[in-house]
Amino acid sequence: MMNKIKLLVAAFFLISFASFAQSNDQPLKIGYTNVEYILLQLPESKQIESNLKDHSTQLENQLKGKYAEYEAKLQAYEKGAATMDATIREDKEKELMGLNNSIQEFQRSAQQSLQQKEKSLVDPVIAKIDKAIKDVAKENGYTYVISNQALLAGPEDGDISPLVLKKLGVDPAKAQQTPEPAAAKPASKPATPAKNNKKKN
């Protein structure tokens with residue numbers, strides 16, 4: 001799940017920088033932060049991951065049920081095909097084809113559902129972080145705040161992440177003990193059925 005969130009965060013930063021106009025007599029002051037890191041420190045992060053895991057499990061179970069139905073009917077067809085009337089055999093084959101198509105369509109819609117669910121959960125938290133960054137920047141006189149992923153070098157006191165975490169009600173000292181975002185587990189995806197067996201003629 002968190003690997004996908006990285007993409008959402010990256011897209012967010014491509015279109016939204018916390019920038020603030022300063023009066024001409026104020027010096028340029030640039031800060032940096034990491035939205036992904038901040039997100040992982042918030043209580044909402046665990047809840048998002050839990051909700052996505054539950055949603056993914058529901059989709060997996062539905063997909064497994066559809067595939068089990070297909071396999072059972074395929075085996076029954078293969079056992080009785082030789083003695084079936086041609087009309088009945090053709091009807092069974094159409095039914096199997098319909099079930100196979102249903103599985104493929106469900107896989108596509110399940111992925112879309114998972115992505116939409118993730119976006120609906122993450123977007124409000126990203127907006128909250130964005131507001132906190134802008135508030136911190138205004139309060140501390142930063143002209144610009146950029147993502148540290150685009151930063152090649154900079155002073156430690158330019159990192160406003162601790163200030164943003166405080167603004168969001170998180171103790172920075174405790175947050176620093178949390179693993180870096182790259183160590184986060186990705187969300188599980190709906191299971192993909194094994195390749196379908198070909199029907200006998």
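# Helices, core and charged pairs

User: In which helix do Lys119 and Asp123 both lie?

Analyst: Lys119 and Asp123 are four residues apart, about one turn of the helix that holds them both. The model is predicted, and in it the side chains of this pair meet in a salt bridge at 2.6 Å, N to O. Lys119 has a relative accessible area of 44% and Asp123 one of 32%, so each counts as partly exposed, a class that lies between 20% and 50%. The helix in which both residues lie is H4.

User: Which residues are joined into one network by salt bridges that share partners?

Analyst: Salt bridges are also found beyond the pair formed by Lys119 and Asp123, since the structure holds nine of them. Where salt bridges share partners, they join residues into one network, and the members of that network are Glu69, Lys73 and Glu95.

User: How many residues apart in sequence are the parts that Lys128 and Glu44 tie together?

Analyst: The side chains of Lys128 and Glu44 meet in a salt bridge, with an N to O distance of 2.4 Å. Lys128 lies in helix H4 and Glu44 in helix H3, so the pair ties together parts whose separation in sequence is 84 residues.

User: Is Glu44 buried, partly exposed or exposed?

Analyst: Its salt-bridge partner, Lys128, has a relative accessible area of 34% and is partly exposed. For Glu44 the relative accessibility is 24%, and because buried requires a value under 20% while exposed requires one over 50%, Glu44 counts as partly exposed.

User: What is the relative accessibility of Lys94?

Analyst: Lys94 and Glu90 meet through their side chains in a salt bridge of 3.7 Å, N to O, and they are four residues apart in helix H4, which separates them by about one helical turn. Glu90 is partly exposed, with a relative accessible area of 43%. Lys94, by contrast, counts as exposed, with a relative accessibility of 56%.

User: Are the rings of Tyr67 and Tyr70 stacked, tilted or edge-to-face?

Analyst: A pair of aromatic rings is described by the distance of the centres and the angle of the planes. The count of aromatic pairs comes to one, and in this pair the ring centres of Tyr67 and Tyr70 are 6.4 Å apart with their planes at 20°. Because planes under 30 degrees apart count as stacked, the pair formed by Tyr67 and Tyr70 is stacked.

User: What is the relative accessibility of Tyr70?

Analyst: Tyr67 and Tyr70 both lie in helix H3 (residues 43-80), three residues apart, or about one turn of the helix. Tyr67 counts as buried at 17% relative accessibility. Tyr70 also counts as buried, with a relative accessibility of 2%.

User: Which helix supplies the largest share of the largest nonpolar core?

Analyst: The largest nonpolar core has 38 residues, of which Ile38, Tyr70, Ile129, Ile133, Ile160, Val164 and Leu168 touch the most other members. Helix H2 (35-41), H3, helix H4 (86-140) and helix H5 (161-167) each supply at least two residues of this core. The largest share, 15 residues, comes from H4.

User: Which residues is Ile129 in contact with, leaving aside its neighbours within four places in sequence?

Analyst: Ile129 is among the core residues that touch the most other members. Leaving aside neighbours within four places in sequence, the residues in contact with Ile129 are Val35, Ile38, Leu39, Leu42 and Leu168.

User: How far apart are the C-alpha atoms of Ala110 and Gln62?

Analyst: Ala110 lies in helix H4 and is buried, with a relative accessible area of 2%. Ala110 and Gln62 are 48 residues apart along the chain, and the separation of their C-alpha atoms is 9.6 Å.

User: Over the ring of which residue does the charged end of Lys29 sit?

Analyst: Charged ends can be placed relative to rings as well as to acidic partners. The charged end of Lys29 is 4.4 Å from the centre of the ring over which it sits, and that ring belongs to Tyr142.

User: What percentage of the residues in the chain is buried?

Analyst: The chain has six helices and three strands, which follow the pattern α-β-β-α-α-α-β-α-α along the sequence. The chain exposes about 12300 Å², and carbon and sulfur atoms supply 53% of that area. Of the 201 residues in the chain, the buried ones make up 37%.

Definitions and conventions. Residues numbered from 1 in each chain as written. Predicted model: local features only at pLDDT ≥ 70, side-chain atom pairs only at ≥ 80, totals over all residues. Heavy atoms only, no water. Phe/Tyr/Trp six-rings, centres within 6.5 Å; stacked < 30°, edge-to-face > 60°. Buried < 20%, exposed > 50% of the residue type's maximum accessible area, 1.4 Å probe, protein only. Lys NZ or Arg CZ within 6 Å of the ring centre and 35° of its normal. Core = buried A, V, L, I, M, F, W, Y, C linked by side-chain atoms within 4.5 Å. Contact = heavy atoms within 4.5 Å. Areas by Shrake-Rupley, 256 points an atom, 1.4 Å probe, with all protein chains shown as cover. Salt bridge = Lys/Arg side-chain N within 4 Å of Asp/Glu carboxyl O.
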